[in-house]
Amino acid sequence: MNKIEHLGIAVNDIDKANSLYEKLLGVPPYKQEIVESESVITSFFAVGENKIELLASTQEDGPIGKFIAKKGEGIHHIAFDVDNIEQELARLEKEGFQLINKTPKKGADNKLVAFIHPKSTNGVLIELCQEINS
């Protein structure tokens, strides 16, 4: 794992959260997009070399909607940048981590992504991210 790529924060209202984080960080989001496969709208802020990803559910029964219903708004996941996501998934599975995704999928911000279950990481959802080469 190279670095923390971003922190994912679950929010109820993407517009209100964008306004809040724009005031907090002093910069507007550089990208907003919908990831239909996850029923989520995302908004990204650059913070030095790292990023903050705001996540708002587009459906009550989507992953973020369920998370907020159970735990409320707040930190949803920590994402790590990796060079080879398939290799890293194989390594982590061999080490005994429970994978949510055994195969990476296309995520937001031009990334391949896969998640590690919080049951095997002391309650923290971990995302692996690899830049998609164009």
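Before you click on anything, here is what "exposed" means on this tour: a residue is exposed when its relative accessible area is over 50%, buried when that area is under 20%, and partly exposed in between. Keep in mind, too, that you are looking at a predicted model.

**Stop 1: helix α3**

Select residues 85-94, which make up α3. Colour Q87 and K94 first: these two are exposed. Now add I85, E88, L89 and L92, which are buried. The buried set covers an arc of only 100° around the axis, so those residues share the same side of α3. Q87 and K94 are on the other side.

What lies over that buried side? Show β7 and β8, which are among the elements covering the buried residues of α3.

Next, zoom in on the N-terminal end of the helix, where N84 acts as a cap. Draw a distance from its side-chain oxygen to the backbone nitrogen of E86 and you should get 3.3 Å. Then go to what follows α3: G96 is there, with a positive phi near 100°.

**Stop 2: helix α2**

Move to α2, residues 63-71. Select I64, G65, F67 and I68, the buried residues of this helix. Their arc around the axis is only 160°, which puts them on the same side of α2. Turn the view to the face pointing away from there and you'll find K66, A69 and K70, which are exposed.

Which strands does the buried side pack against? Bring up β1, β3, β4 and β5. After α2 comes G72, and its phi is also a positive value, near 85°.

**Stop 3: the largest pocket**

Stay around α2 and turn on a surface. Rolling a probe the size of a water molecule over the atoms shows where empty space is left. The largest pocket has a volume of about 720 Å³. Several elements give two or more residues to its lining: β3 (40-47), β4 (50-57), α2, β5 (74-81), β6 (105-106) and β7. Which of them gives the largest share? That is α2, with six residues.

The lining has 33 residues in total, and to find the centre you can select P63, I64, H76, F115 and L125, which lie nearest to it. If you colour the lining by class, expect 16 nonpolar, nine polar and eight charged residues. I64 links this stop with the previous one: it is one of the buried residues of α2, and it is also among the residues nearest the pocket centre.

**Stop 4: L125**

Keep L125 selected and hide the rest for a moment. L125 sits in the loop between β7 (111-116) and β8 (126-131). Is L125 buried or exposed? It counts as buried, because its relative accessibility is 13%, and the cut-off for buried is under 20%.

Now show the residues around it. Setting aside those up to four places away in sequence, L125 touches H76, H77, I78, I100, F115, I116 and P118. Try a C-alpha distance to F115: the two residues are 10 apart along the chain, and their C-alpha atoms are 7.0 Å apart. H76 and F115 may look familiar, since both are listed with L125 among the residues nearest the centre of the largest pocket.

**Stop 5: E5, K51 and K111**

Here are some charged side chains to look at. Select E5 in strand β1 (residues 3-10). E5 is buried, because its relative accessibility is 6%. Its side chain makes a polar contact with the side chain of K51 at 2.5 Å, and another with the side chain of K111 at 3.5 Å. Beyond its neighbours within four places in sequence, E5 is also in contact with N50, A79, F80, D81 and C129, among others.

Step across to K111 in strand β7. K111 is buried too, with a relative accessible area of 5%. Its contacts, again leaving out neighbours within four places in sequence, include E5, K51, K105, K106 and C129. Add Q130, E131 and I132 to the selection, which K111 contacts as well.

**Last stop: E22**

Finish at helix α1 (residues 14-25) and pick E22. E22 is partly exposed, with a relative accessible area of 37%. Outside the residues up to four places away in sequence, E22 touches V27, P28, P29 and F45. For a final distance, try the C-alpha atoms of E22 and F45: 8.2 Å in space, for residues 23 apart in sequence.

Terms used. Residues are numbered from 1 along each chain as its sequence is written. This is a predicted model: local features need pLDDT of at least 70, side-chain atom pairs count only at pLDDT 80 or more; totals for chains, interfaces and linings use all residues. Side-chain values use heavy atoms; hydrogens and water are left out. Helices (H or I, at least four residues) and strands (E, at least two) are DSSP runs, numbered from the N terminus. Buried means under 20% relative accessible area, exposed over 50%, partly exposed in between (1.4 Å probe, protein chains only). Contact means heavy atoms within 4.5 Å. On a 1 Å grid over the protein atoms alone, a cavity is a set of points where a 1.4 Å probe fits but cannot get out, and a pocket is an open set with protein on both sides within 12 Å along at least five of seven lines; lining residues have an atom within 4 Å of a point. Grid points are joined across faces, edges and corners, and a volume is the space filled by probe spheres set on the points. Ala, Val, Leu, Ile, Met, Phe, Trp, Tyr, Cys and Pro count as nonpolar, Asp, Glu, Lys and Arg as charged, and the others, Gly among them, as polar. The arc is that of the directions from the helix axis to the C-beta atoms. A polar contact is a pair of N or O atoms within 3.5 Å; within protein, one must be able to donate a hydrogen and the other to accept it, and residues adjacent in sequence count only if both atoms are side-chain atoms.
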